[in-house]
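Student: Can we go through this model together? I would like to start with the ligand and then look at a helix pair.

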Amino acid sequence: MTWNARITDSLEAIEARGQWRSVRTLDKSAADPARAPVEFASNDYLGLSRHPKVVAAARDEAGRSGTGATAARLIVGGRQVHDDLEAALAQWCDRDAALLFSTGYQANLGVLDALSRAAGPTGALICSDQLNHASIIDGARLARAEVAVYPHCDVAAVDALLAAADRPAIVVSDAVFSMDGDLAPLDDLAAVCHQRDALLVVDEAHALLGPAAPAGAIIVGTLSKTLGAQGGFVAADRAVIDLCTNTARSFIFTTALAPPSAAAALAALEVLHSDEGTALIERLRANIDLVRRGHPSPIIPVLLGDEERSMAVSRQLLDRGLLVPAIRPPTVAPGTCRLRVAISATHTPEQLGRLTDAFHEIGVDFDE
Ligand code: PMP
């Protein structure tokens, strides 16, 4: 069999499963924004990616430092803005120190890789929630650790795994699960980790409304969601940050974060800490409540089960000018296809009303 034939076979199999994916190009500067669909899909929860202060900070930094970092951080890629942003992130997370990565994905790869290698020749036991983000799954694989996947949010299962562990253990969990929008029992996880002498790593990518990582937990975060920029970070005790700086391969062997992205994230943090930031968070909370009262995060899943139905409902919404992506395997387990509604502070009550009305018209029960 030739490589051409193998590749064609793989593509045909994807198509036959109804799982073909293609990129979507969205021009937000379109001449007539009123005709563009309203999207409920981005992670720009506070709309900071287009905030004038954030955009200006990126532009100014490009003028000062250039568009790219030109080298890895440990070579000549570091700029003042990286140091300033790390100090601000450490403060935001209430940790000793922080280290920037080029993406949140790489932050998860790096921290699990570094910690597992520090566990010694056997590597660590990484206990990972069944619904953790792909970057955690890949990080655990890359770390060559022993991986134990525990049932979603099952603290007793974690405790049993830790009790039986034959090597140093790490528990890793999303704080807010990216496809379900539900919350991890972080305090209970921290308690069992404390009791069993395990490390707790918490991915706070979607956790702007909480839950906060417990004291002592290692935090992974991203600049690409709430902060509207690009990049990721780890915030932790100084020793963990030094370990990542010295051994995390996804930090060492890649070009440092582009300075304009770092400047954008720093400016976004300043907005977040101002009265305007408080008002934006309140608006986000109110917007979520308009759609599903009391839901704990900006990610609202509408479970439909079936792939075809999910795709059809997504298309019907798009016909009404509402962009809500269908999420299918392999992103979620077969039979749990869904629409993933992401709410932002920038949505207007009118847009949210259109969304709930459209679900109603299509005959999908939007409430849990
Ligand atoms: N962790 C979680 C929970 C995520 O949802 C994502 C992004 N979808 C990431 C990490 C990766 O972050 P980034 O986009 O910055 O690579």
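Tutor: What follows covers the ligand site, then one helix contact. This is a predicted model, where local features need pLDDT of at least 70, side-chain atom pairs count only at pLDDT 80 or more, and totals for chains, interfaces and linings use all residues. Residues are numbered from 1 along each chain as its sequence is written, and side-chain values use heavy atoms, with hydrogens and water left out.

Student: Which residues come nearest to the ligand?

Tutor: Gly104, Asp203, His206, Thr222 and Lys225, out of 15 residues around the ligand (a heavy atom within 4 Å).

Student: And what is the shell made of by class?

Tutor: The shell has 10 polar, three charged and two nonpolar residues. Here Ala, Val, Leu, Ile, Met, Phe, Trp, Tyr, Cys and Pro count as nonpolar, Asp, Glu, Lys and Arg as charged, and the others, Gly among them, as polar.

Student: Which side chains put an N or O atom by a ligand oxygen atom?

Tutor: Thr222 does so at 2.7 Å, and Ser224 at 3.1 Å. Gly104 uses a backbone N or O atom instead, 2.8 Å from a ligand oxygen atom. The protein buries 83% of the 390 Å² that the ligand exposes when taken alone (Shrake-Rupley method, 1.4 Å probe).

Student: New topic: at what angle do α5 and α6 pack?

Tutor: About 30°, with the axes 8 Å apart; α5 spans residues 104–118 and α6 residues 134–142. Helices are DSSP runs (H or I, at least four residues), and axes are lines fitted to C-alpha atoms over the stretch in contact, with angles from 0 to 180 degrees between N-to-C directions.

Student: Which α5 residues make the contact?

Tutor: Tyr105, Asn108, Leu109 and Leu112 (heavy atoms within 4.5 Å).

Technical notes
Helix = DSSP H or I, 4+ residues; strand = E, 2+ residues; numbered from the N terminus. Polar contact = N/O pair within 3.5 Å; in protein donor to acceptor, adjacent residues only side chain to side chain.
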